[in-house]
Amino acid sequence: MKTFEGKIMSDVAFDVVVVGSCMTDLVSQAPRLPKAGETIHGHKFFIGFGGKGANQCIQAARLGVKTAMICKVGKDFFGENYIQNFKDNDVHTDFVWQTSDAATGAASITVNDAVKTIFNPAPAVPDLDYSFYRVSDVFCCNESEAELLTGYSVNNAEDAHRAAEELLRRGCAAVIITLGPQGCVVLKAQDKTSTHVPSTAVKAVDTTGAGDSFIGALAFYMAHHPAMPLEDMVHKANQVAAVSVQAVGTQTSFPFKRDLPAELF
């Protein structure tokens with residue numbers, strides 16, 4: 001046996017050792033997110049255990065491997081509870097230190113019940129559970145994914161409209177099918193006809209991550225401009241993605257707000 005910082009070190013061999021964070025999650029559920037300085041009524045509150053390192057360690061332990069956590073928590077109520085939580089999940093705690101110099105980490109989380117869901121079925125599977133369609137405010141896929149999900153060939157806007165109709169029948173509120181340089185097709189449950197949103201013609205250098213750039217931009221517009229028509233959001237998101245394909249790389253090609261024209265905002 002050896003000692004380190006006053007603690008007896010075990011000679012036990014572990015399958016997984018995690019060095020990482022432990023956070024106590026203070027979770028509030030509310031009908032919407034509060035504005036700066038605003039107080040709103042919530043309808044549920046609970047305390048949970050979080051922190052990426054601790055999460056990974058406990059998941060490994062629950063799958064049956066011998067785990068140890070290396071971290072530091074406060075000498076406080078949350079710290080004592082977290083150590084007990086590790087023990088309850090069969091995580092070795094000899095290397096979990098407590099300190100009086102700082103409090104155990106805590107994360108205040110507000111869950112917005114009115115959140116909108118964008119579902120991107122990548123990689124697509126033909127037997128996707130129908131519950132995924134029903135919880136999708138916007139179901140966004142590319143032409144190959146639409147083909148795999150619906151069984152319909154998708155080569156143009158007309159084909160995409162037919163595939164989108166099938167996806168709507170499965171419970172989506174709206175469907176976007178991206179067609180690369182041909183743009184996108186948008187079909188909403190309340191509409192009988194789809195909208196073809198053409199893409200911006202650019203000289204593409206690397207299209208890797210273009211779909212992710214598009215969906216990230218779409219999420220931005222849904223969050224910050226919820227009253228904007230979906231077709232307009234798609235048009236603007238297309239322009240953001242068009243910038244991304246003009247540079248090499250995935251995240252390295254994603255533009256910042258400062259790199260984009262003001263009319264997109």
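**Close-up views of strand S13 and its surroundings**

**View 1. Side chains of strand S13 in the predicted model.** Cys184, Val186 and Lys188 point to one side of S13, Val185 and Leu187 point to the other, and all are buried. The strand spans residues 184–188 and is mostly covered, with 5 of its 5 residues buried.

**View 2. Pairing of S13 with strand S12.** S12, made up of residues 174–178, runs antiparallel to S13, and 5 bridges link the two. Valine 186 in S13 is the bridge partner of isoleucine 176. The hairpin of S12 and S13 has 5 residues between the strands, and glycine 180 in this hairpin adopts a positive phi near 60 degrees.

**View 3. Pairing of S13 with strand S14.** S14 covers residues 195–197 and is joined to S13 by 3 bridges, again in the antiparallel sense. Threonine 195 of S14 lies opposite valine 186. These two strands also form a hairpin, here with 6 residues between S13 and S14.

**View 4. Surroundings of glutamate 231.** Glutamate 231 belongs to helix H7, which comprises residues 230–244. Its relative accessibility is 16%, so glutamate 231 counts as buried, the limit being under 20%. Leaving aside residues up to four places away in sequence, glutamate 231 touches Val186, Lys188, Asp191, Thr195 and Val197. Of these contacts, Val186 and Lys188 are among the residues that point one way from S13, and Thr195 is the S14 residue opposite Val186.

Note on methods:
Residues are numbered from 1 along each chain as its sequence is written. This is a predicted model: local features need pLDDT of at least 70, side-chain atom pairs count only at pLDDT 80 or more; totals for chains, interfaces and linings use all residues. Side-chain values use heavy atoms; hydrogens and water are left out. Buried means under 20% relative accessible area, exposed over 50%, partly exposed in between (1.4 Å probe, protein chains only). Helices (H or I, at least four residues) and strands (E, at least two) are DSSP runs, numbered from the N terminus. Two strands pair if DSSP finds at least two bridges between them. Contact means heavy atoms within 4.5 Å.
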